[in-house]
Amino acid sequence: MNCAPLYINGEFVETKDKQNVLNPSTGRVIAQASLASEKEINLAIESARKAFDRGDWAGLPFKERKTILFKIAQGILNKAGELAKTETENTGKPIKETTFMDVPSSAKSFEHIANNFESYLSGETLDVVEESRAVLLREPMGVIALIVPWNYPLLIASWKLASALAAGNTVILKPSSLTPLSALELGKIIHEAGVPAGVVNIINASGAKTGQLICSDKRVDMVSFTGSLEVGKEILRYSSANVKKLLMELGGKSASLIFADVDLDTVINSSLCSIFLNQGQMCTAMSRIFVQSEIYDKFVDSFVNKAKAIKLGASDNHETQMGPLITDSQRKKVIAYLEKAKAEGAKILCGGRIPHDPVLKNGYFFEPTVITGVTPNMHIFKEEVFGPVTIIAKFSGPDQAVALANNSDFALAACIFSRNLSLAEKMASRINAGTVWINTYGMFYNRLPYGGFKQSGFGKELGRDGFLEYTRLKNVIIDHSPEGKPLVNYWYGF
Ligand code: NAD
């Protein structure tokens, strides 16, 4: 059986310690992956540090880095079919999603940054006072740990890598040990594209072990983390030891607000995608749908009927609309949330079960689930389930809708559906969320920043602001007068 190697200091490293990688559609082992021990983790940090300090990457003219980033994008496209298959087998997400979204969008993120962001790296000169000027230098951060979740392994790794590399940093990329295959494959593409040794290091290891080692290591200057709130808090703790810069993209409990003036069919279709795409395992999943009272009953009836008709199936089947959850333990977590919701008085209108279809019996499938009768004090209202489960509740008018949407410790994303754009735009400014979609859902653009507020984290990915997160700003003040302006002259009044 294939064993995917780590990628450290420009070399592919097969370790003695290996792990099985599963296909959640079948529960079968599809590959093995090397597992980094403390020794390899240290080597990866050391290689990234040395490569940065030698200036192997940041010292290259942007034009040369840009050529390499294009080669990475092309390398992804050249292997698109293979990568989509790997990603589908390893995450369980339907092949349509990986083929048309994850893989091409990953290539695009390298291309977009290479094409558009060079100007943000050039310094700026400001006149301060007569004979003095300041030069603001935009520099790479140094060594960055990129820690990635299992729900979009290739895409999120690509977002982070593209920004970090374009800015001149060196990195240690750590995919989730549940889904390491596409990131390890990306190592080969990066190698073939000509990235100098040590600039990119890719390790696979248990999160808890790597997290502490990397995040508390002084040789690492920044941690860019995407994952759960719980692990995010651990990373904050580890990183506080030496005050690292952090970029935190955490969980969500996003709200969709649907007004009575919408075209019901269109909005129901969009709402189904907004929660059941990737089996609801999306940080921006609309797991709280609020519908204006006038259309509530009709909306719920039709939504439930359509949810029941969603085709569950093996992820490699092009007809499949929903695949399995990532693991059996994730499925158990979802079931536990539903048990709690029922005990607290909520009503499950559809789903809530493992499907009976014998074809699906070995995978971690779960039926699309709709819950009503929910109140804001219930766990299912407040906590991120990360599965194909949404609540639907009603609101009477805009004020109540905003209050419901904002009633959360998370603040990642929200949707508003209404034909009254002026009302929707006014509401958008009152909603506590990093992204508000109006009459659309889930559109991510490489030129637009993305990231949450409150316990959904801080900092941005993507866009100019996302790119700048991976840089630091240095201020150089230069006095041009012949004698200079030593502070002492002012101090003693000379
Ligand atoms: P997770 O927090 O369990 O793991 C994320 C990464 O952290 C993995 O690589 C994991 O191995 C690693 N990790 C685990 N324990 C660690 C530790 N103690 N120290 C350092 N690293 C550790 O998250 P997950 O289950 O892989 O992903 C689902 C979560 O990610 C959800 O909460 C989801 O909302 C969130 N997410 C957020 C965004 C966003 O942009 N805001 C995007 C995707 C996913």
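A polar contact is a pair of N or O atoms within 3.5 Å; within protein, one must be able to donate a hydrogen and the other to accept it, and residues adjacent in sequence count only if both atoms are side-chain atoms. The model is predicted, so local features need pLDDT of at least 70, side-chain atom pairs count only at pLDDT 80 or more, and totals for chains, interfaces and linings use all residues. Numbering runs from 1 along each chain as its sequence is written, and side-chain values use heavy atoms, without hydrogens and water.

**Exercise 1.** Find side chains in polar contact with the ligand.

*Solution.* Start with the ligand's oxygen atoms. One is 2.8 Å from a side-chain N or O atom of tryptophan 150. For lysine 174, the distance from a side-chain N or O atom to a ligand oxygen is 2.9 Å. Next take nitrogen: tyrosine 238 places a polar side-chain atom 3.4 Å from a ligand nitrogen.

**Exercise 2.** State how much of the ligand the protein buries.

*Solution.* Take the ligand alone: it exposes 840 Å² (Shrake-Rupley method, 1.4 Å probe). The protein buries 90% of that area.

**Exercise 3.** Describe the shell around the ligand.

*Solution.* Count first: 27 residues surround the ligand (a heavy atom within 4 Å). Val148, Trp150, Ser228, Leu250 and Glu384 are the closest. Sort by class: 16 are nonpolar, 8 polar and 3 charged. Then assign domains: domain 1 (3-250 + 456-476) and domain 2 (255-438) each supply at least three shell residues.

Note on methods:
Ala, Val, Leu, Ile, Met, Phe, Trp, Tyr, Cys and Pro count as nonpolar, Asp, Glu, Lys and Arg as charged, and the others, Gly among them, as polar. Domain bounds come from an automatic or database domain assignment.
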